[in-house]
Amino acid sequence: MQKKKTNHLYRFLAALSLAGAAAASHATNPIVPGWYADPEIRIFNGQYWIYPTYSADYGTPDVSKNFTPAQQHMRAQSDLIWAPYLKITFFNAFSSPDLVHWTKHPHVLDVENVSWAAYAVWAPSAIEHKGKYYLFFGANDIKTNDQLGGIGVAVSDKPEGPFKDALGKPLVGQIHNGAQPIDQMVFKDDDGQFYMYYGGWKHANVVKLAPDLLSVVPFPDGTTYKEITPDPEYVEGPFMAKRNGMYYFMWSEGGWTGPDYSVAYAMSSSPFGPFKRIGKILQQDSKVAKGAGHHSVVNIPGTDDWYIAYHRRPLNETDGNHRELAIDRMVFNADGTIKPVAITNEGVTARPLAR
């Protein structure tokens, strides 16, 4: 009798252990605590990295500690600044070996290291080039060409920073083709050329980056800021991916504080289009979350497995800045189109990277 009890105990403990292992190998959405938005997911040195916007305080406020007199003057322009944007002055990043367990890296970039940026530091885009890491970012939410701000670039020797401003001024500091200089995404094509897609206010541009990634250079036709707005529904958050020789241009549409915020896409054989809207691939689910949008995607090297990182708003939240980070699978149809993404609370299973 005692032996049977012992066997039952062992089986019970083994079941608990297996359950714990299963739980540890499966993520949940949101993937990290806190209010974050606009996540860009990348793979660096055998790790997944996510660079998001700090969207709002969650518990103890996270703040930048130092502002120069010039930055304080910019921050005092109350007629130009929506108060919540004053909190957005740095980036935290997150790294993971498997999409499940995430490590926070605080203040990988802070306005302390960007003299011309003072608020509304948004939507980072990170890329590695020749052993250096480049972090492109929007700052100051400029409304006219008379304001200082736009898209900047910072550089670091490590993906966790610290990143420091590389130019002492914006890389793109003017409004071209009606596109507010925000929401930049840097894309490296198969031939090694880097392009930057960006734009708010319902206009999207692409620029060609110089070999050092620190300036924009003209295209062969002499233009520098090429408008590629794919559809009247385009709002912001452009992202480019390439699969089987086809370019997938994706973007966010709808109002960023509303339930209609979503992601649509187009396809082309060229990185410059023309792009014709195919349809939505990401949107809210009334049983899961609201306002799913401003995404990025990552392909597991050597496979056709894809994941989509995005932000969304919990069903019970009404504050537009209360956004959280999520990851789900993205799957292609046989004809190359993208299946609508099912947003989940369960998230994805662990996916370690080969080293």
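Q: Leaving aside its neighbours within four places in sequence, with which residues is R75 in contact?

A: Contact means heavy atoms within 4.5 Å. By that rule, and leaving aside neighbours within four places in sequence, R75 is in contact with F67, I81, L86, T89, A118 and Y119. This is a predicted model, in which local features need pLDDT of at least 70 and side-chain atom pairs count only at pLDDT 80 or more, while totals for chains, interfaces and linings use all residues. Residues are numbered from 1 along each chain as its sequence is written, and side-chain values use heavy atoms, with hydrogens and water left out.

Q: Which side chain of opposite charge is nearest to R75?

A: Lys and Arg count as positive and Asp and Glu as negative; His and the chain ends are not counted. A salt bridge requires a side-chain nitrogen of Lys or Arg within 4 Å of a carboxyl oxygen of Asp or Glu. For R75 the nearest such side chain is D110, 9.1 Å away, and R75 has no salt bridge although it is buried (under 20% relative accessible area, 1.4 Å probe, protein chains only). The R75 side chain does reach the backbone oxygen of L86, at 2.9 Å.

Q: Which residues touch the most other members of the largest nonpolar core?

A: In soluble globular proteins, nonpolar side chains tend to be buried together. A nonpolar core is a set of buried Ala, Val, Leu, Ile, Met, Phe, Trp, Tyr and Cys residues joined through side-chain atoms within 4.5 Å. Here the largest has 37 residues, and M250, L282 and M330 touch the most other members. Among the contacts of M250 beyond four places in sequence are F239, V263, I281 and M330.

Terms used. Buried means under 20% relative accessible area, exposed over 50%, partly exposed in between (1.4 Å probe, protein chains only). A polar contact is a pair of N or O atoms within 3.5 Å; within protein, one must be able to donate a hydrogen and the other to accept it, and residues adjacent in sequence count only if both atoms are side-chain atoms.
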